[in-house]
Amino acid sequence: MRDFIERIEKDLPGTFVVADMEAGLEHLSWAGGTLRYVDLLLVVVQPTSKVMMTADRTHKLALELGIERIAFIGNRATGPADVERMEAFAAERGCELLISIPEDGAVPAADRASRCVLDTAPDSEAVKAIARLADRLEAQYATA
């Protein structure tokens with residue numbers, strides 16, 4: 001992964017690389033060398049205790065690895081109370097909750113159909129939230 005990112009930086013300056021890694025801590029421990037080079041680590045959090053415990057451990061390990069910029073993405077929010085809980089979680093760690101993606105039945109429906117939600121429900125609330133996140137990150141890093 002590190003070689004790939006270095007090659008992209010060399011051959012295609014200004015290109016964004018987004019790596020979606022599976023949940024859990026294992027990949028952080030063996031990928032620590034790679035993750036030291038990220039500009040921003042996005043940690044997905046859901047408004048459940050178990051997921052928040054994992055996100056907290058991920059945040060702590062990222063700090064130990066020297067990752068300077070960490071932010072959270074809220075997922076599967078069912079209402080304002082969930083959003084507030086995830087915002088407080090991020091703030092307690094000195095981080096920002098960049099977006100809260102709502103619980104959206106279009107996502108599991110697309111998964112059951114083995115299709116992408118962008119194809120099956122491009123106007124769904126989850127897709128709109130993810131598009132807002134992409135726009136925000138692009139605006140933030142286009143000038144960085």
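The paragraphs below lead through a predicted model, from its overall fold to one helix, its salt bridges and a few single residues.

The protein chain contains 8 helices and 3 strands, and these elements succeed one another along the sequence in the pattern α-α-α-β-α-β-α-β-α-α-α. Of its 144 residues, 36% count as buried, and the chain exposes about 9,300 Å², of which carbon and sulfur atoms supply 53%. Among the contacts in the protein chain with a separation of 6 or more, 65% are accounted for by residues 24 or more positions apart.

Helix H5, which comprises residues 80-92, is a convenient place to look in detail. At 1.5 Å a residue its 13 residues should span 18 Å, and its end C-alpha atoms are indeed 18 Å apart, so the expected and the modelled span agree. The buried residues of this helix are Asp82, Met86, Phe89 and Ala90. They cover an arc of only 95° around the axis, which means that they lie on the same side of H5. The general geometry is helpful here: an α-helix has 3.6 residues a turn, so residues three or four places apart point the same way. On the face of H5 that is turned away from the buried side, the exposed residues are Pro80, Ala81, Glu84, Ala91 and Glu92.

What do the buried residues of H5 pack against? Their partners are strand S1 (41-45), helix H4 (49-64), strand S2 (70-77) and strand S3 (97-102). Beyond the end of the helix comes Gly94, whose phi is positive, near 70°.

The salt bridges of the model come to a count of 7, and three of them can be followed here one by one. The side chains of Arg7 and Asp11 form a salt bridge in which the closest N and O atoms are 2.8 Å apart. Both residues belong to helix H1 (residues 2-11), where they are 4 residues apart, about one turn of the helix. Arg7 is exposed, with a relative accessible area of 57%, whereas Asp11, with 38%, is partly exposed.

A second salt bridge joins the side chains of Arg93 and Asp56, with an N to O distance of 2.8 Å. Because Arg93 lies in the loop between H5 and S3 while Asp56 belongs to helix H4, the pair ties together parts that are 37 residues apart in sequence. Arg93 is partly exposed, with a relative accessible area of 22%, and Asp56 counts as buried at 15% relative accessibility, the cut-off for a buried residue being under 20%.

A third salt bridge is made by the side chains of Glu96 and Arg136, at 2.2 Å from N to O. This pair, too, links distant parts of the chain, since Glu96 lies in the loop between H5 and S3 and Arg136 in helix H8 (residues 125-142), 40 residues apart. Glu96 counts as partly exposed at 40% relative accessibility, and Arg136 is likewise partly exposed, with a relative accessible area of 33%. Through salt bridges that share partners, Asp56, Lys60, Glu92 and Arg93 are joined into one network.

Turning to the cysteines, the structure holds 0 disulfides. Cys95 is buried, with a relative accessible area of 16%, while Cys116 counts as partly exposed at 37% relative accessibility.

Which residues does Ser124 contact, leaving aside its neighbours within four places in sequence? They are Asp104, Ala106 and Val117. Ser124 itself is placed in the loop between helix H7 (117-120) and H8, and its relative accessible area of 9% makes it buried.

Two residues deserve a look for their backbone angles. Most residues other than glycine have a negative phi. Arg76, although it is not a glycine, has a positive phi of about 65°; this residue is found in strand S2 and counts as partly exposed at 41% relative accessibility. Ser114, which is not a glycine either, has a positive phi of about 55°. The place of Ser114 is in the loop between helix H6 (106-112) and H7, where it is exposed, with a relative accessible area of 70%.

Conventions
Residues are numbered from 1 along each chain as its sequence is written. This is a predicted model: local features need pLDDT of at least 70, side-chain atom pairs count only at pLDDT 80 or more; totals for chains, interfaces and linings use all residues. Side-chain values use heavy atoms; hydrogens and water are left out. Helices (H or I, at least four residues) and strands (E, at least two) are DSSP runs, numbered from the N terminus. The expected span of a helix is 1.5 Å times one less than its number of residues. Buried means under 20% relative accessible area, exposed over 50%, partly exposed in between (1.4 Å probe, protein chains only). The arc is that of the directions from the helix axis to the C-beta atoms. Contact means heavy atoms within 4.5 Å. A salt bridge is a side-chain nitrogen of Lys or Arg within 4 Å of a carboxyl oxygen of Asp or Glu. Accessible areas come from the Shrake-Rupley method with a 1.4 Å probe; for residues, only the protein chains shown count as cover. A disulfide is a pair of cysteine sulfur atoms within 2.5 Å.
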